[in-house]
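The following paragraphs go through one protein model, from a single helix outward to the core and the domains. Have the sequence and the coordinates open while reading.

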Amino acid sequence: MVHGNAYNISMAANLSDNVQYSISCAAHNIQLKDALDAVDIINEVIHKGSKIVQYFNHSNVATIAFIEKEKQLNLNRRKLIQSCPTSWGSYYYMCERLIYNRTAIMSVLTDRTITKLNIAAKLDMSEHHWAIINDIITVLKPLDEVTTTLCSLVLPIIHSIINNHLKTNDVGRSETEQFKSVLVTSLTNRFKLNSNIETVHGLASFLDPRSKQLSFENNEKKKLITAAISNIIENCNITVFFY
């Protein structure tokens, strides 16, 4: 049974009789808002970014000035995007749009004929905050691409994301490295990468010619998956018709 990640649906699937595999949507499993909430500075920056978007959405004066600033800077018209609590994808798009429009945004926020001082103070973003937003975009971009192209290669893609794009190092900002670490833990748990049982995603990967070698799995996991496939084949009741 393949289903979304709503709690009631997941519970119903797990409680259903004769359901061997309860598979939650892989694209939903990549909606890792828990990682965004786990790092204080990331959460703070997201909150500030959301407040900035909210300000422009609720102020006609600020919006008109913002559009005019875009024209003056020869920027293509790109409306700010508000984040949605149920999807990290919206946080990625919000950050991306904030960076693109940063100069126009700051021009409006620093203009006292448009934005009052007390409001500007609440919406002020330091250079460090803007740098963190850039880091968020860099970290989430491959996850966004995965979400839009996800197919039968779920496990190879997830392993690739973890091993190539979310590797931690000593060069990056500590907050960003912590963010990556939480993402890796979350993905590992959601897709049961460390489990000692075969999963539907593992079986699907073996049956897909593009990933049948299971190069992303350890030897023990490969044996479990191939044994499970052999067992399925042995228990199949196939009737062959000759014409």
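Begin with helix 4, whose buried residues are Ile41, Ile42, Val45, Ile46, Lys48, Gly49, Ser50, Ile52, Val53, Tyr55 and Phe56. The model shown here is a predicted one. Helix 4 covers residues 40-58. Its 19 residues reach 27 Å from the first C-alpha to the last, close to the 27 Å expected at 1.5 Å a residue.

Another residue of helix 4 is Asn43. Asn43 counts as partly exposed because its relative accessibility is 34%, which falls between the 20% limit for buried and the 50% limit for exposed. Leaving out residues up to four places away in sequence, Asn43 touches Leu36 and Asp37.

Helix 5 comes next, at residues 60-72. Its 13 residues should span 18 Å at 1.5 Å a residue, and the end C-alpha atoms are indeed 18 Å apart, so the expected and the modelled lengths agree. Which residues of helix 5 are buried? They are Ala62, Ala65, Phe66 and Glu70. These residues cover an arc of only 145° around the axis, and therefore sit on the same side of helix 5. The general background is that an α-helix has 3.6 residues a turn, so residues three or four places apart point the same way. On the face of helix 5 turned away from the buried side are the exposed residues Asn60, Val61, Ile64, Lys71 and Gln72.

What covers the buried residues of helix 5? The cover includes helix 4 and helix 7, the latter at residues 102-109. Helix 7 has buried residues of its own, namely Ala104, Ile105, Val108 and Leu109. Seen down the axis of helix 7, these fall within an arc of 130°, so they line one face of the helix.

After helix 5 the chain comes to Asn74, which lies in the loop between helix 5 and helix 6 (88-100). Phi of Asn74 is near 60°, a positive value in a residue other than glycine. Most residues other than glycine have a negative phi. Asn74 is exposed, because its relative accessible area of 70% is over the 50% limit. A second positive phi in a residue other than glycine, near 50°, belongs to Lys192. Lys192 also lies in a loop, here between helix 11 (174-190) and helix 12 (200-207). At 47% relative accessibility, Lys192 counts as partly exposed.

Now turn to the interior. The largest nonpolar core has 57 residues, and those with the most contacts inside it are Ile42, Phe56, Leu98, Phe179 and Leu187. Helix 9 (residues 127-149) gives the most to this core, with nine residues. The core draws at least three residues from each of domain 2 (32-148) and domain 3 (151-242). Ile42 and Phe56 are also among the buried residues of helix 4. Phe179 is in contact with Ala35, Leu36, Val39, Ile42, Val139 and Leu140, with residues up to four places away in sequence left out of the count.

Helix 9 also holds Asp135. Is this acidic residue buried or exposed? Asp135 is buried, because its relative accessible area of 16% is under the 20% limit. The side chain of Asp135 makes a polar contact of 2.7 Å with the side chain of Thr176. Beyond its neighbours up to four places away in sequence, Asp135 touches Arg173 and Thr176.

His128 is another residue of helix 9. At 33% relative accessibility, His128 counts as partly exposed. Its contacts, leaving aside neighbours within four places in sequence, are Ile41, Arg173 and Glu175. Arg173 is thus also a contact of Asp135. The C-alpha atoms of His128 and Val45 are separated by 9.6 Å, although the two residues are 83 residues apart along the chain.

Last, the domains. The domain assignment of the protein chain gives domain 1 (1-29), domain 2 (32-148) and domain 3 (151-242). The core described above takes at least three residues from each of domain 2 and domain 3. Between the centres of domain 1 and domain 2, taken over C-alpha atoms, there are 35 Å.

Methods. Residues are numbered from 1 along each chain as its sequence is written. This is a predicted model: local features need pLDDT of at least 70, side-chain atom pairs count only at pLDDT 80 or more; totals for chains, interfaces and linings use all residues. Side-chain values use heavy atoms; hydrogens and water are left out. Helices (H or I, at least four residues) and strands (E, at least two) are DSSP runs, numbered from the N terminus. The expected span of a helix is 1.5 Å times one less than its number of residues. Buried means under 20% relative accessible area, exposed over 50%, partly exposed in between (1.4 Å probe, protein chains only). The arc is that of the directions from the helix axis to the C-beta atoms. Contact means heavy atoms within 4.5 Å. A nonpolar core is a set of buried Ala, Val, Leu, Ile, Met, Phe, Trp, Tyr and Cys residues joined through side-chain atoms within 4.5 Å. Domain bounds come from an automatic or database domain assignment. A polar contact is a pair of N or O atoms within 3.5 Å; within protein, one must be able to donate a hydrogen and the other to accept it, and residues adjacent in sequence count only if both atoms are side-chain atoms.
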